[in-house]
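Reader: I should like to go through this model and ask, for each term applied to it, what justifies the term. May we begin once the structure is shown?

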Amino acid sequence: MLLTITTTQHPAADLGYLLHKHPDRLQSFDLSFGKAHVFYPEVSQDRCTACLLLDVDPVGMVRGKNRNQNFLLGHYVNDRPYVASSFMSVAISQVFGSALGGRCKDRPELVTTPIPLSARIDVLPVRGGEDFVQRLFEPLGYTVEATRHPLDEQFPQWGESPYFSVTNTGVKTLAELLSHLYVLIPVFDNNKHYYVGNEELEKLLAKGADWLAGHPEKEQITRRYLKHQSGLFQEAMSRLIEEEDSETVDTDSPNGGDEDVMERPLSLNVQRLGAVLAVLRSSGARTVLDLGCGEGKLLRELIKDIQFDQIVGLDVSMRSLEKAQQRLRLDRLPQRQAERLTLMHGSLIYRDKRLHDFDAAALVEVIEHLDPPRLAALERTVFEFARPGTIVLTTPNREYNVMWESLPAGKFRHADHRFEWTRQEFQAWANTVAERYGYTVRFLPVGPDDDIVGSPTQMGVFELE
Ligand code: SAH
């Protein structure tokens, strides 16, 4: 099987630097399943082509494996040596590792420059219908040419094979192109040659970091990449959904006037922040706690509003606090602004004097991350000891989960959720807590409010009696 990469960016021979492979030499590499060869059939200043040829050894591959299977011949007679599959991805990462990682010691400026590239794959097995190739590559900005091969040219009556020659053309960095191929080639084939575990999930999210969350086929890609393992699939999807959400927050800042932005349906994340802010504003609070502030999405909105003159974000995760610090660019804010905000490391299950004497507190999507005994400790920390006048608290409404196609029945939205409550469960808990600590509580839906299952997020607003 052959992967052919061509550029017409002048001087085209720079492709050699980007791939870390000298255009004048044929180089061969031993891999666990055979050999890979890299060579350049064409090198000029206007056009340069590099080939990665894989020579899979079907006999070597099964040597030493458990032979206790019925169809032994299948070990030896199969399409693996001839098609681009997960072997090709392994070869890309081993032979073109630096290029895939976007590293180029000698010419670092080349790595970040998008250049005209085309990649031809001979041959790609595609399980998933005629237009699947287009559906996966086109959203990434490629022009796609796919030619399907007949099963046997001598016997056209046998019909078409699942094998295609595919050429993608686009203006990309080489690292982008390679990461797209690395992830997607095994997705077409849907038949990975090795065990898939947590490590694969991390690889998928790392290699897909810049593009997977926004890809319209992300579910199908993720499901196949992770070999249909539902636990891994779910975790990947919830992380991708979070990523997409936070990207929307980044671009949706309300500067007004842009019709595109105005008409785009608001993401749940943005609606939730809006609802929480509205409650905090109307409470008249001047000093506010954001408990379990995470990466600081709410803090960023709070700091824009001069009503709030003392804002504290607290979280148990140092990593989240570091991200919040970067995201808020605290070091670049004018001193008077920066003084209004403090980030604190701490846990809500311990009484903490630093949290006393605030007008209001927000707990946005936090309680569902705590085991029930810890939740009881959090109740005391927040409602008994910190005791702000207003507490606004949000949590997922489990009833709404059926509305998300990507979420298998009975599963939570995030792998770290310890529980997700129905509206009745949440209200029962909130009423008990309110009564115990002398608060009143009212409930508001956040997001589209369905007649039967309610809204995706539920919010409780507690006020000191
Ligand atoms: N409020 C943020 C983050 C929600 S995720 C947002 O809406 O984006 C839940 C957050 O709660 C995480 O950042 C997690 O680190 C934090 N958290 C979990 N247990 C906690 C505890 N015991 N004390 C403080 N923070 C906690």
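Reader: Which residue is the bridge partner of Thr7 in S4?

Author: The model is a predicted one. In S4, Thr7 has Cys48 as its bridge partner.

Reader: What makes strand S1 and strand S4 a pair?

Author: Two strands count as paired if at least two bridges are found between them. Strand S1 (residues 2-7) and strand S4 (residues 48-56) have 6 bridges and run in the antiparallel sense, so the criterion of at least two bridges is met.

Reader: Why are S2 and S6 said to stand at the edges?

Author: The open sheet has 7 strands in the order S2-S3-S4-S1-S5-S7-S6, paired antiparallel. Strand S2 (27-31) and strand S6 (143-150) each have a single partner strand, so one side of each lacks a neighbour in the sheet. From one strand to the next, the twist averages 15°.

Reader: Which helix packs on this sheet at about 15° to the direction of S5?

Author: That helix is H8, which touches S1, strand S5 (115-125) and strand S7 (160-172). Helix H4 (residues 86-95) also packs on the sheet, where its direction makes about 125° with that of S4.

Reader: Which residues touch the most other members of the largest nonpolar core?

Author: They are Leu52 and Leu174, in a core of 69 residues. Helix H8 (residues 174-189) gives the most to this core, namely 10 residues. At least three residues come from each of domain 1 (2-189) and domain 2 (195-248). Apart from neighbours within four places in sequence, Leu174 is in contact with Ile5, Leu15, Leu18, Leu19, Ala99 and Leu117. There is also a second, separate core of 31 residues, with Val312, Leu355, Trp429 and Ala434 among them.

Reader: Why is His215 called buried?

Author: A residue is buried when its relative accessible area is under 20%. His215 has a relative accessible area of 3%, so the term applies. His215 is found in the loop between helix H9 (198-207) and helix H10 (218-225). Not counting residues up to four places away in sequence, His215 touches Arg135, Leu136, Pro139, Leu140 and Ile221.

Reader: How do you know that strand S12 is largely enclosed by the rest of the structure?

Author: All of its residues are buried, 7 of the 7 in the stretch 390-396, so the strand is largely enclosed. Thr390, Val392, Thr394 and Pro396 point one way from S12, while Ile391, Leu393 and Thr395 point the other way.

Reader: What is the pairing of the sheet that contains S12?

Author: The pairing is mixed, in an open sheet of 7 strands ordered S10-S9-S8-S11-S12-S14-S13. Strand S11 (residues 360-364) runs parallel to S12 and is joined to it by 5 bridges, with Ala360 partnered by Thr390. In contrast, S12 pairs with strand S14 (residues 457-464) in the antiparallel sense over 7 bridges, and Thr395 stands opposite Gln458. S13 and S14 are likewise antiparallel, over 8 bridges.

Reader: Which elements make the right-handed β-α-β unit?

Author: The unit consists of S11, helix H17 (residues 372-386) and S12. The crossover is called right-handed because, with the strands pointing away from the viewer, the path from the first strand over the helix to the second runs clockwise.

Key: Residues are numbered from 1 along each chain as its sequence is written. This is a predicted model: local features need pLDDT of at least 70, side-chain atom pairs count only at pLDDT 80 or more; totals for chains, interfaces and linings use all residues. Side-chain values use heavy atoms; hydrogens and water are left out. Buried means under 20% relative accessible area, exposed over 50%, partly exposed in between (1.4 Å probe, protein chains only). Helices (H or I, at least four residues) and strands (E, at least two) are DSSP runs, numbered from the N terminus. A nonpolar core is a set of buried Ala, Val, Leu, Ile, Met, Phe, Trp, Tyr and Cys residues joined through side-chain atoms within 4.5 Å. Domain bounds come from an automatic or database domain assignment. Contact means heavy atoms within 4.5 Å. Axes are lines fitted to C-alpha atoms, for helices over the stretch in contact, and angles run from 0 to 180 degrees between N-to-C directions.
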